[in-house]
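Please walk through the model below with its ionic pairs, its strand pairings and its nonpolar interior in mind.

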Amino acid sequence: MLKQSNIIALSTMQNSRLQNYTIYYNNSEEYHTLKREVFTADCYYFETENPTPYIIDAGAHIGLSTLYFKQLFPGAEILAIEPNPGSFGLLEKNIFENQITGVTTIQAALSDQTGQEQLFLDETNEQWHSTASFHKGSWVGSQKTTSITVPTHTLSDFVTRPVDFLKLDIEGSEQKVLFEAKNSLHLIKEMHIEFHTHATQSLKKLLDLLEQTHKVELYKNTTPILKEKIHKTSGLIQIRAYRRSKTKLV
């Protein structure tokens, strides 16, 4: 059952069929954009021989990626983390209405400390909930935003055992979250990180951290990026990290 604080305004909620799922959402343009990325472009596709992989979906939004992972691996155990109350309500509704099992939802943001922080939400008429960020004006700095207080957890709070796949889409807080969890990263077999270029982040520093335990590939709009060219790269960058075979799980 949805918590009272997460009930969605029925006047704005819509739904569409997506393969075997019924998806509930508020912003049609946002939904169709994310649907193409997740279900058409397969941006989060990965392979594993484990029939019951443990997946952390950080920045789960309304649940499209969670449902995509369940389509790939029906036996997956998924931890879906989402701080935006509106998105979290839809996440829970999409899981419930599609009778999805094996998913634990947490209404919180990932940060470098456990506590509370100000989360900035889109205040324009477009209401792009997927841009919720710790940065005023969103990670791009130009969005009209309003703030709410949300609970925070660290990534290391949840990486206490081997993780088959981490999806990290947290709108410009990737570096501080991953550095906090640096002693746990060896437990993660594969990562897909959406790196949002921002003054508070350094792509080089993040790559130096990840390459201690993982082989790293960089992409922008599916085009590979050479590591020696990263100083010329801006905007949204996709990072794929594969744990090195000699990394010990201790």
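A salt bridge is here a side-chain nitrogen of Lys or Arg within 4 Å of a carboxyl oxygen of Asp or Glu. With that criterion, a search of the whole structure, which is a predicted model, finds six salt bridges. Confidence frames how such pairs may be read: the mean pLDDT of the protein is 87, and 84% of its residues reach 70 or more. Over residues 1-10, however, pLDDT stays under 50, and for this stretch the model has 18 contacts beyond four places in sequence.

One of the salt bridges joins Glu-77 to Arg-161, with the closest N and O atoms 2.7 Å apart. Because Glu-77 belongs to strand S4 whereas Arg-161 sits in the loop between strand S8 (145-154) and S9, this pair ties together parts that are 84 residues apart in sequence. Both partners are partly exposed, Glu-77 having a relative accessible area of 39% and Arg-161 a relative accessibility of 34%.

Another salt bridge, between Glu-190 and Arg-240, has its closest N and O atoms 2.6 Å apart. It too links distant parts of the chain, since Glu-190 lies in strand S10 and Arg-240 in strand S13, 50 residues apart. Here the setting is a buried one: Glu-190 has a relative accessible area of 10%, and Arg-240 has a relative accessibility of 7%.

The pair formed by Lys-93 and Glu-97, at 3.0 Å from N to O, is local in sequence, for these residues are four apart in helix H3 (residues 85-97) and are therefore separated by about one helical turn. Lys-93 counts as buried at 15% relative accessibility, while Glu-97, at 35%, counts as partly exposed.

Strand S4, which holds Glu-77, also takes part in pairings with two other strands. S3 and S4 run parallel and are joined by five bridges, with Asp-57 standing opposite Ala-80 in S4. S4 also runs parallel to strand S5 (residues 103-106), to which four bridges join it; there, Ile-78 has Val-103 of S5 as its bridge partner. Each of these pairings is accompanied by a crossover through a helix: S3, H2 and S4 make a right-handed β-α-β unit, and S4, H3 and S5 make a right-handed β-α-β unit as well.

Within these units, S4 is mostly covered, four of its five residues being buried. Helix H2 (residues 64-72) is likewise mostly covered, with seven of its nine residues buried, namely Leu-64, Ser-65, Thr-66, Leu-67, Tyr-68, Phe-69 and Lys-70.

The largest nonpolar core comprises 36 residues, of which Ile-56, Leu-178, Met-191, Leu-210 and Ile-239 touch the most other members. Several elements each supply at least two residues of this core, including strands S3 (54-58), S4 (77-81), S10 (190-196) and S13 (236-243) together with helices H4 (174-180) and H5 (203-210). Its largest share, five residues, comes from H5. Seen from Ile-56, and not counting residues up to four places away in sequence, the residues touched are Leu-79, Ile-81, Phe-158, Val-159, Val-163, Phe-165, Leu-166 and Lys-167. Apart from this core lies another one, of 30 residues, which has Tyr-24, Phe-39, Leu-67 and Leu-91 among its members.

Terms used: Residues are numbered from 1 along each chain as its sequence is written. This is a predicted model: local features need pLDDT of at least 70, side-chain atom pairs count only at pLDDT 80 or more; totals for chains, interfaces and linings use all residues. Side-chain values use heavy atoms; hydrogens and water are left out. A nonpolar core is a set of buried Ala, Val, Leu, Ile, Met, Phe, Trp, Tyr and Cys residues joined through side-chain atoms within 4.5 Å. Buried means under 20% relative accessible area, exposed over 50%, partly exposed in between (1.4 Å probe, protein chains only). Contact means heavy atoms within 4.5 Å. pLDDT is the predictor's confidence in each residue, from 0 to 100. Two strands pair if DSSP finds at least two bridges between them. A crossover is right-handed if, with the strands pointing away from the viewer, the path from the first strand over the helix to the second runs clockwise.
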